[in-house]
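Let's walk through this model together, one helix at a time. Keep the sequence and the 3D view side by side as you read.

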Amino acid sequence: MKYIKANETLPEDLLKEVQKYVQGELLYIPKQKGVRKKWGENSGYRNYLICRNDEIYKKYHQGTTIEQLSIQYSLSCDSIKKIVYSKK
């Protein structure tokens, strides 16, 4: 997130209105709902986890045990169970 000068960005009347509440401070203005990206979308990690979990689910249903999957993916048995039993 980069710093933007309000007096160079906002119209003067809006700047004066904001200054009634905040002066000389940093102010974070969040994005509108629906514009924000979900966790992991920028980095691609979200898609990685979806693919990994699909792979775990398929291997389990092909006969790989929870213990084997736990070792292979370096996850706890409880984490593997959550992945395997929550998929539909």
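In α3, the buried residues are Leu49, Arg52, Asn53 and Ile56; buried means under 20% relative accessible area, exposed over 50% and partly exposed in between, with a 1.4 Å probe and protein chains only. Seen down the axis of α3, these buried residues fall within an arc of 100 degrees, so they line one face of the helix. The arc is taken from the directions that run from the helix axis to the C-beta atoms. Turn α3 to the face pointing away from its buried side and you meet the exposed residues Asn47, Cys51, Lys58 and His61.

A word on the model itself: it is predicted, so local features need pLDDT of at least 70 and side-chain atom pairs count only at pLDDT 80 or more, while totals for chains, interfaces and linings use all residues. Residues are numbered from 1 along each chain as its sequence is written, and side-chain values use heavy atoms, with hydrogens and water left out. Helices are DSSP runs (H or I, at least four residues), as are strands (E, at least two), numbered from the N terminus.

How far apart are the end C-alpha atoms of α3? Helix α3 covers residues 45-61, and at 1.5 Å a residue its 17 residues should span 24 Å, which agrees with the 24 Å between its end C-alpha atoms. That expected span is 1.5 Å times one less than the number of residues. After α3 comes glycine 63, with a positive phi near 115 degrees.

What covers the buried residues of α3? The cover includes α4 (66-73) and α5 (77-86), where contact means heavy atoms within 4.5 Å. Looking from α5, the buried residues are Ile80, Ile83 and Val84. They cover an arc of only 90 degrees around the axis, which puts them on the same side of α5. The other side of α5 has Asp78, Lys82 and Tyr85 exposed. Among what covers the buried residues of α5 are α3 and α4.

Within helix α4 you will find glutamate 67, which counts as partly exposed at 49% relative accessibility. Its C-alpha atom and that of lysine 81 are separated by 9.9 Å, with the two residues 14 apart along the chain. In the loop between α4 and α5 sits serine 74, exposed with a relative accessible area of 65%. Serine 74 has a positive phi of about 55 degrees although it is not a glycine. Most residues other than glycine have a negative phi.

Now move to the loop between α2 and α3, home to isoleucine 29. Isoleucine 29 counts as exposed, at 63% relative accessibility. Its C-alpha atom is separated by 44 Å from that of isoleucine 71, 42 residues apart along the chain. Lysine 33 is in the loop between α2 and α3 too, and it is exposed with a relative accessible area of 84%.

Finally, look for the largest pocket, with a volume of about 730 Å³. Of the 20 residues that line it, the closest to its centre are Tyr3, Ile4, Lys5, Ala6 and Leu27. On a 1 Å grid over the protein atoms alone, a pocket is an open set of points with protein on both sides within 12 Å along at least five of seven lines, and lining residues have an atom within 4 Å of a point. Helices α1 (6-9) and α2 (12-19) each supply at least two residues of that lining.

How values were computed:
1 Å grid on protein atoms, 1.4 Å probe; cavity = no way out; pocket = protein on both sides within 12 Å on 5 of 7 lines; lining within 4 Å. Points joined across faces, edges and corners; volume = space filled by probe spheres on them.
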